[in-house]
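Trainee: Could we go through this structure together, please? I should like to begin with how the chains are arranged.

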There are 2 protein chains.
Amino acid sequence: MRLPDAERERLLDGWPVARLATLAEDGRPHLVPIVFARAGGALWSPIDGKPKIPGTPARVRNIERDPRVALLLDHYDADWQQLWWIRVEGRASLCDTDTEAEAALRSKYPQYHEVPLFAGEPLLLRIDPERVLTWTSSSR
Amino acid sequence: MRLPDAERERLLDGWPVARLATLAEDGRPHLVPIVFARAGGALWSPIDGKPKIPGTPARVRNIERDPRVALLLDHYDADWQQLWWIRVEGRASLCDTDTEAEAALRSKYPQYHEVPLFAGEPLLLRIDPERVLTWTSSSR
């Protein structure tokens with residue numbers, strides 16, 4: 001029912017997408033998919049050059065107000081024996097630069113050859129995991 | 001930047017997986033992937049027979065305490081021109097039975113020929129959308 005530790009680590013390094021939950025001003029949960037990379041024990045996600053709804057992204061405003069976040073990596077498959085998820089609960093902060101994180105993002109996503117790593121002024125979400133829980137539908 | 005209405009409706013009817021954010025007792029966001037079906041204007045997700053962490057699922061305890069939820073349908077693709085998401089903000093409630101919802105779930109997921117639709121006593125999450133926002137990286 002839990003993923004083996006080595007598989008959890010491999011997926012945290014390599015899985016291409018996660019869903020980030022933050023807390024809106026009124027306390028409601030807010031959700032958005034993100035790309036991310038791991039560096040220095042944290043998970044990093046840039047406010048990148050993919051098209052954005054105008055204005056400061058809600059995730060940024062939310063994290064400024066309340067750093068508590070959850071991040072979900074998961075795999076859906078029509079074969080329900082192949083399901084798994086990894087939930088990271090942690091604290092997020094905003095950074096304007098981190099050399100190791102930027103290198104990890106560029107290495108993980110060749111898309112950044114085309115898409116700017118930052119939409120405007122450099123801005124990275126840094127997520128420091130406090131608790132990581134895993135689940136899988138099959139014994140491995 | 002927004003999905004066409006017809007595509008949004010098609011995806012809300014047919015997309016196989018969503019990620020559900022609820023609020024934990026301490027106000028933190030909680031995240032879990034769910035299967036769901038649409039019926040009668042609501043989105044429904046069963047506490048089904050897929051293997052579960054023992055005890056009452058956190059999503060159920062959270063919704064009993066605070067009905068505010070967010071649901072994210074999204075598609076990740078290495079081609080960043082193909083990205084889209086649909087975010088449903090709404091209120092969730094717990095139901096022990098709904099004939100139309102159960103039929104919609106069984107019709108959408110042939111997996112329920114093998115996996116029990118309910119893990120124990122019938123229990124459905126019902127999500128009534130209050131706001132639906134869509135985003136896509138490409139003009140369509």
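Mentor: Chain A can be laid on chain B with an RMSD of 0.0 Å by a turn of 180° and a shift of 0.0 Å along the axis. Copies are superposed by least squares on the C-alpha atoms of residues with pLDDT of at least 70 in both. That is the relation of a two-fold axis.

Trainee: Which C-alpha of chain A is nearest the axis?

Mentor: That of Pro29(A), 3.0 Å from the axis.

Trainee: Is this model predicted or not, and how is it labelled?

Mentor: This is a predicted model: local features need pLDDT of at least 70, side-chain atom pairs count only at pLDDT 80 or more, and totals for chains, interfaces and linings use all residues. Residues are numbered from 1 along each chain as its sequence is written, while chains are lettered from A and ligands numbered from 1 in the order in which they are written.

Trainee: How many residues of chain A are in contact with chain B?

Mentor: 30 residues of chain A are in contact with 30 residues of chain B (contact: C-beta atoms, placed from the backbone, within 7 Å).

Trainee: Which strand gives the most to that side of chain A?

Mentor: β5(A) does, with 5 residues; strands are DSSP runs of E, at least two residues, numbered from the N terminus.

Trainee: Turning to Leu71(A), what does that residue touch?

Mentor: Leaving out residues up to four places away in sequence, Leu71(A) touches Ala18(A), Leu20(A), Leu43(A), Val88(A) and Ile127(A).

Notes. Two residues are in contact if their C-beta atoms, placed from the backbone, lie within 7 Å. Helices (H or I, at least four residues) and strands (E, at least two) are DSSP runs, numbered from the N terminus.
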